[in-house]
Structure formats: C-alpha cells, structure tokens
Amino acid sequence: MTQTVAVLGTGKIGEALLSGMIRAGWPTAHLLVTARRADRAEELRARYGVEPVSNAEAAKRADTLILAVKPQDMGSLLDELAPHVTADRLVISAAAGITTAFIEERLTADTPVVRVMPNTPVLVDEGMSVISAGSHATSEHLAHAEEIFGGVGKTLRVPESQQDAATALSGSGPAYFYYLVEAMTDAGILLGLPRAQAHDLIVQAAIGAAVMLRDSGEHPVKLREAVTSPAGTTISAIRELENHGVRAALIAALEAARDRSRQLASGNG
C-alpha cells in the first residue's frame with residue numbers, strides 16, 4: 001500500500017473503488033483522483049482527503065492508473081496519457097468492452113495492462129470484479145488488482161477470451177435480477193398485495209436465497225427441491241415457468257449480451 005494509485009474518471013464506480021481502498025487502509029497520501037469538473041474534484045478532496053490532479057499529472061506520479069472512464073472516452077484519455085506513461089506503470093481498465101490490446105497499442109511498449117469488469121454492487125461492497133491479464137501483466141500485477149477491487153466485493157481471474165461471457169453473466173447480471181423483481185412485484189399486485197408489501201416480500205426472498213446459495217455450498221437444484229413439495233404451490237409455478245420457456249429465454253438473453261459485448265470490444269458499436 002506504499003504505491004501511489006490514481007483513479008482517472010471518478011464517477012460512481014471510480015468513487016466506490018476509492019472509498020473501498022480507503023476503508024482497506026490505503027493512505028490517502030498515496031491516492032490521486034481526476035475528474036472532468038472542478039467542483040467534482042473539490043467534492044472528492046473534501047469527502048476523502050485525496051488530491052485531485054490532471055490526467056497528465058496522474059500519469060507522471062502514480063504507480064498504478066485505474067481507468068474508470070466511459071468506453072467511448074477511452075481513446076481520447078489514452079492519447080492524453082501516452083506521452084507520460086512508462087513501462088514500469090500498471091494500467092488497470094474498468095471500462096466495459098475495452099480490450100487490453102486496444103490499450104497496449106496506444107501506450108509505451110511492454111506496459112502491463114489488466115482488464116477488470118466490475119458490476120454495480122461494488123457501490124455497496126458486494127460487487128464481483130472479473131480480472132484478466134494483458135500481454136505484459138504478471139501474476140503480481142493481477143494480485144495488485146485483486147487487492148484494490150477486493151475492497152468492494154469479490155474478484156475472479158479469467159482469461160481475457162472469457163471476458164465477454166463474464167460481462168453477460170456478471171456485468172449485466174444485476175439488471176436481470178432487477179427485471180425479475182419488477183415482474184414479481186407486478187404479479188404480487190395482481191394477486192392483491194399492496195406494491196410496497198409485494199416489493200418487501202420479494203426483496204427479502206431474494207436476499208435470503210442468495211445468502212443460502214453462497215453459504216450453504218448446496219447446488220441450486222437441491223435448494224429448489226427443498227422448497228418444492230409434491231403437488232404443492234411451488235411445483236405449479238415451476239411448471240408454468242417451464243411451459244413459457246423461461247430457462248431457454250434466459251440462455252438466449254445471455255448469449256445476446258455476450259454477442260453484444262463482443263461487438264463493442266471489436267469496435268463495432
């Protein structure tokens with residue numbers, strides 16, 4: 001934690017990483033931030049005690065650069081950084097669909113790059129960040145990325161070839177659950193419950209089910225079967241889900257998300 005880390009583009013995800021590092025004990029004297037607006041930069045200084053700098057200054061001073069900008073802004077940011085980034089720096093990209101090769105081609109030769117796909121639950125320290133090494137990144141670089149992103153949830157190393165699949169499952173994953181909760185809430189209203197009560201029932205069911213999946217170590221089929229008694233209410237509902245092809249629809253949806261991630265990564269936006 002004696003290295004200096006700069007978060008470039010401190011929006012919601014960038015700020016979540018920053019606060020996670022501080023909670024993990026990272027000295028604020030070793031943390032730099034950049035922001036597009038001066039008022040945002042001062043807000044971060046006041047809230048966390050970190051130093052706002054320009055992108056060029058961050059590249060000159062930081063050992064690790066975390067690029068947390070939007071994918072469409074990555075090219076211009078790299079152009080700005082390129083003259084100042086030397087091969088002894090570590091560059092971590094948290095931008096969806098941006099490959100390590102795209103970054104490596106625009107920086108000094110042999111610069112280590114690590115690609116990370118976090119999801120939005122990093123905002124509540126329950127994120128999943130999927131980590132892949134670029135051509136010049138070592139296991140030590142990956143461990144350093146895990147140390148940073150581990151402050152806001154769990155991490156998982158995968159080959160970069162699996163990043164599009166991970167984006168479909170994990171990066172976009174929370175949206176599928178929100179969609180399901182929305183649909184179940186509407187069903188609860190149809191069944192006669194007030195919206196607030198239906199929402200509370202479903203959210204707590206989701207939290208409880210997730211904790212059981214995480215902590216029990218049981219296969220989801222076994223946990224589902226424990227709720228599904230013969231000729232009961234649950235099996236009647238499961239039959240309707242199967243009749244309407246929900247399982248097949250989920251598989252098709254994830255394939256579509258994976259394919260779109262591939263398109264974005266190839267520059268065919």
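Let me start with helix α7, residues 163–171, where Gln163, Asp164, Ala166, Thr167, Ala168 and Ser170 are buried; this, like everything I will describe, comes from a predicted model. The cover over those buried residues of α7 includes two strands, β6 (113–117) and β7 (127–133), together with two helices, α8 (173–190) and α12 (246–265).

From the α12 side, I would like to pick out one residue, Ser261, which lies in that helix. Is Ser261 buried or exposed? Its relative accessible area is 5%, and because the cut-off for buried is under 20%, Ser261 counts as buried. If we set aside its neighbours within four places in sequence, Ser261 is in contact with Asp164 and Thr167, both of which are among the buried residues of α7. With Asp164 there is also a polar contact, in which the two side chains are joined at 2.7 Å.

Let me turn now to the sheet, which is open, has eight strands with mixed pairing, and follows the order β3-β2-β1-β4-β5-β6-β7-β8. At its edges are β3 (51–52) and β8 (153–157), each of which pairs on one side only.

Within that order, I will follow the stretch from β2 to β5. Strand β1, residues 5–8, pairs in the parallel sense with β2, residues 31–34, over four bridges, and there Leu8 stands opposite Thr34. On to β4: β1 and β4 run parallel and are joined by four bridges, with Leu65 of β4 as the bridge partner of Ala6. Between β4 and β5 there are again four bridges, with the strands running parallel, and in this pair Ile66 stands opposite Ile92 of β5.

What covers β4, then, and on which faces? Both faces are covered, since Thr64 and Ile66 on one side, and Leu65 and Leu67 on the other, are all buried. As for the helix packing in this region, α4 (residues 74–81) lies across β1, β4 (64–67) and β5 (90–93), and the angle at which α4 runs to β4 is about 160°.

Finally, a word on the aromatic rings. How many aromatic pairs are there by the rule applied here? The count comes to zero. A ring does, however, take part in a contact of another kind, in that Arg106 lies over the face of Phe102, at 3.6 Å from the ring centre.

Conventions:
Residues are numbered from 1 along each chain as its sequence is written. This is a predicted model: local features need pLDDT of at least 70, side-chain atom pairs count only at pLDDT 80 or more; totals for chains, interfaces and linings use all residues. Side-chain values use heavy atoms; hydrogens and water are left out. Rings of Phe, Tyr and Trp (its six-membered ring) pair if their centres lie within 6.5 Å; planes under 30 degrees apart count as stacked, over 60 as edge-to-face and the rest as tilted. A charge sits over a ring if NZ of Lys or CZ of Arg is within 6 Å of the ring centre and within 35 degrees of the ring normal. Buried means under 20% relative accessible area, exposed over 50%, partly exposed in between (1.4 Å probe, protein chains only). Contact means heavy atoms within 4.5 Å. Two strands pair if DSSP finds at least two bridges between them. Axes are lines fitted to C-alpha atoms, for helices over the stretch in contact, and angles run from 0 to 180 degrees between N-to-C directions. A polar contact is a pair of N or O atoms within 3.5 Å; within protein, one must be able to donate a hydrogen and the other to accept it, and residues adjacent in sequence count only if both atoms are side-chain atoms.
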